[in-house]
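Colleague: I'd like to learn how to read a model like this one. Could we go through it together, feature by feature?

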Amino acid sequence: MTRLTQVNNLLLATLWHAQLESAGIACEIRNRFIGGAVGDLPPDMVSPEIWVVDDADLNRARTLLRELRNPPKRAPWNCFQCGELNEDQFAQCWKCQSSRPGSAV
Ligand SMILES: [Zn+2]
């Protein structure tokens, strides 16, 4: 059991935890509930932490975390229906509403 990282934001910790779990890495969030309740403690003692349960997963977890922290900038994509160029953040073609190839939508 090893601490992977400290996150100053529970929402982010929850998101990363879910991503790690979905990659098959067992982990847990600590300090989930005490944030804000203990005003006298230094912030680094009350920020949520992500712990990796099995040390064998640690390297994989660190690699994944690096990707989560620095999401690769993806390129615009061409609609396979109408050929329109769409910005990366759109999951559907703005012109014909076709789903992006490979998207889960
Ligand atoms: Zn289209």
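Colleague: Among contacts in the chain between residues at least 6 apart in sequence, what percentage join residues at least 24 apart?

Modeller: Good place to begin, and please keep in mind that this is a predicted model. Among the contacts between residues at least 6 apart in sequence, 45% join residues at least 24 apart.

Colleague: What pattern of helices and strands does the chain follow along the sequence?

Modeller: Walk along the sequence and write down each element in turn. Here you get β-α-β-α-β-α-β-β, which comprises three helices and five strands.

Colleague: And what share of the residues counts as buried?

Modeller: A residue counts as buried when its relative accessible area is under 20%. By that cut-off, 28% of the 105 residues are buried. As for the surface, the chain exposes about 7,100 Å², and carbon and sulfur atoms supply 53% of that area.

Colleague: Now the helices. At what angle do α1 and α3 pack?

Modeller: For a helix pair, look at the angle and at the distance between the axes. Helix α1 (residues 10–22) and helix α3 (residues 58–69) pack at about 135°, with their axes 11 Å apart. Because of that angle, α1 is oblique to α3. The crossing of the two helices is right-handed.

Colleague: Which residues make the contact?

Modeller: From α1 come Trp16, Gln19 and Leu20, and from α3 come Ala61, Leu64, Leu65, Leu68 and Arg69. Sorted by class, the contact of α1 with α3 has six nonpolar residues, one polar and one charged.

Colleague: What about leucine 15: where is its place?

Modeller: Leucine 15 sits in helix α1. With a relative accessible area of 46%, leucine 15 is partly exposed. Try comparing sequence separation with distance in space: leucine 15 and leucine 68 are 53 residues apart in sequence, while their C-alpha atoms are 9.6 Å apart.

Colleague: Can we do the same with a strand residue? Which residues does arginine 3 contact, leaving aside its neighbours within four places in sequence?

Modeller: Arginine 3 belongs to strand β1 (residues 2–6). Leaving those neighbours aside, arginine 3 is in contact with Glu49, Ile50 and Trp51. The C-alpha atoms of arginine 3 and glutamate 49 are separated by 7.0 Å, although the two residues are 46 apart along the chain. At 39% relative accessibility, arginine 3 counts as partly exposed.

Colleague: Now a loop residue: is serine 47 buried or exposed?

Modeller: It pays to check loop residues one at a time. Serine 47 lies in the loop between α2 (43–46) and β3 (49–52). Its relative accessible area is 13%, so serine 47 is buried. Beyond its neighbours within four places in sequence, serine 47 is in contact with Gln6, Val7, Asn8, Arg30 and Asn31.

Colleague: And where does proline 48 lie?

Modeller: Proline 48 is also in the loop between α2 and β3, and with a relative accessible area of 8% proline 48 is buried. Again leaving aside neighbours within four places in sequence, proline 48 has contacts including Leu10, Ala13 and Ile29. Asparagine 31 is 17 residues from proline 48 in sequence, with 4.7 Å between their C-alpha atoms.

Colleague: One last feature, the backbone: what is the phi of glutamine 97?

Modeller: The general idea is that most residues other than glycine have a negative phi. Glutamine 97 has a positive phi of about 65° although it is not a glycine. You will find glutamine 97 in the segment after β5 (85–86).

Definitions and conventions
Residues numbered from 1 in each chain as written. Predicted model: local features only at pLDDT ≥ 70, side-chain atom pairs only at ≥ 80, totals over all residues. Heavy atoms only, no water. Helix = DSSP H or I, 4+ residues; strand = E, 2+ residues; numbered from the N terminus. Buried < 20%, exposed > 50% of the residue type's maximum accessible area, 1.4 Å probe, protein only. Contact = heavy atoms within 4.5 Å. Areas by Shrake-Rupley, 256 points an atom, 1.4 Å probe, with all protein chains shown as cover. Axes fitted to C-alpha atoms, helices over the stretch in contact; angles between N-to-C directions. Parallel < 35°, antiparallel > 145°, perpendicular 65-115°, else oblique. Left-handed = near helix turned anticlockwise from the far one by under 90°. Nonpolar A, V, L, I, M, F, W, Y, C, P; charged D, E, K, R; others polar.
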